[in-house]
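Open the model in your viewer and keep the sequence panel beside it. Each stop below gives a selection and then what is there.

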Amino acid sequence: MAGLVKLACLVLACMIVAGPIATNAALSCGTVSGNLAACIGYLTQNGPLPRGCCTGVTNLNNMARTTPDRQQACRCLVGAANSFPTLNAARATGLPKACGVNIPYKISKSTNCNSVR
């Protein structure tokens, strides 16, 4: 239950922060968070990698086809990573590979999303 409350707060915070930035991007932080909600246990509690997590990673990668969309997804991911103090950084960085997805940047708390193309 606490995880769901954190996720809801994260989604709201991302929407408030990224709203003005997202004018050229079709992706919202709500979309990003919704697609990755199944990954929270894997990334914060060292749980198993759920199939739904990889489905979300794949869906998100398929939606982020333009540079603005990839940059927006990156910003949402960095914001999400920074909101979870128990985030396993190695698992976050390795998540796309674990799901068989290639993304053009690493998921971390310090990724420079402006350099994502």
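The tour goes from the whole chain to helix pairs, then to single residues.

**Whole chain**

Start with a cartoon view of this predicted model. Select everything and colour by secondary structure: there are six helices and zero strands. Read along the sequence, the pattern is α-α-α-α-α-α. Now colour by burial. Of the 117 residues in the chain, 43% are buried. Turn on contacts between residues at least 6 apart in sequence: 74% of them join residues at least 24 apart.

**H2 against H4**

Two packed helices are described by the angle between their axes and the distance between the axes. Select residues 29–36 for H2 and residues 51–63 for H4. Their axes come within 7 Å and cross at roughly 150°. H2 is therefore roughly antiparallel to H4, since angles over 145 degrees count as such.

Show side chains at the contact. H2 brings Thr 31, Val 32, Asn 35 and Leu 36. H4 brings Gly 52, Cys 53, Gly 56, Val 57, Asn 59, Leu 60 and Met 63. What classes of residue make up the contact of H2 with H4? Six are nonpolar and five are polar, with no charged residues.

Stay on H2 and select its buried residues: Cys 29, Val 32, Ser 33, Asn 35 and Leu 36. They lie on the same side of H2, because they cover an arc of only 165° around the axis. Look down the helix to check this. An α-helix has 3.6 residues a turn, so residues three or four places apart point the same way.

**The largest nonpolar core**

In soluble globular proteins, nonpolar side chains tend to be buried together. Here the largest nonpolar core has 30 residues. Select the members that touch the most others: Val 32, Leu 36, Cys 39, Leu 43, Val 57, Leb 95 and Tyr 105. (For "Leb 95" in that list, read Leu 95.) H2, H3 (40–44), H4, H5 (67–83) and H6 (89–98) each supply at least two residues of this core. Which helix gives the largest share? H5 does, with six residues.

Zoom in on Cys 39. Beyond residues up to four places away in sequence, Cys 39 touches Cys 53, Val 57 and Leu 95.

**H6, side by side**

Select H6 and show Ala 92, Leu 95 and Pro 96, the buried residues of this helix. Their arc around the axis is only 75°, which puts them on the same side of H6. Rotate to the other side of H6: Ala 90 and Lys 97 are exposed there. Then bring back the surroundings. H3 and H4 are among what covers the buried residues of H6.

**Loop stops**

Select Ala 37, in the loop between H2 and H3. Is Ala 37 buried or partly exposed? With a relative accessible area of 29%, Ala 37 is partly exposed. Draw a distance from Ala 37 to Cys 53: the C-alpha atoms are 7.2 Å apart, while the two residues are 16 apart in sequence.

Go to Asn 46, in the loop between H3 and H4. Most residues other than glycine have a negative phi. Phi of Asn 46 is near 55°, a positive value.

Next, select Ala 64, in the loop between H4 and H5. Ala 64 is buried, with a relative accessible area of 10%. Leaving aside neighbours within four places in sequence, Ala 64 is in contact with Leu 27, Asp 69 and Arg 70. Add Ile 103, which is 39 residues away along the chain. The C-alpha atoms of Ala 64 and Ile 103 are 9.6 Å apart.

**Two stops on H5**

Select Gln 72 in H5. Gln 72 is buried, and its relative accessible area is 1%. Draw a line to Val 32, 40 residues from Gln 72 along the chain. Their C-alpha atoms are separated by 9.2 Å.

Finish at Gly 79, also in H5. Gly 79 is partly exposed, at a relative accessible area of 30%. Add Ser 110: Gly 79 and Ser 110 are 31 residues apart in sequence and 9.7 Å apart, C-alpha to C-alpha.

Notes. Residues are numbered from 1 along each chain as its sequence is written. This is a predicted model: local features need pLDDT of at least 70, side-chain atom pairs count only at pLDDT 80 or more; totals for chains, interfaces and linings use all residues. Side-chain values use heavy atoms; hydrogens and water are left out. Axes are lines fitted to C-alpha atoms, for helices over the stretch in contact, and angles run from 0 to 180 degrees between N-to-C directions. Helices (H or I, at least four residues) and strands (E, at least two) are DSSP runs, numbered from the N terminus. Angles under 35 degrees count as roughly parallel, over 145 as roughly antiparallel, 65 to 115 as roughly perpendicular and the rest as oblique. Contact means heavy atoms within 4.5 Å. Ala, Val, Leu, Ile, Met, Phe, Trp, Tyr, Cys and Pro count as nonpolar, Asp, Glu, Lys and Arg as charged, and the others, Gly among them, as polar. A nonpolar core is a set of buried Ala, Val, Leu, Ile, Met, Phe, Trp, Tyr and Cys residues joined through side-chain atoms within 4.5 Å. Buried means under 20% relative accessible area, exposed over 50%, partly exposed in between (1.4 Å probe, protein chains only). The arc is that of the directions from the helix axis to the C-beta atoms.
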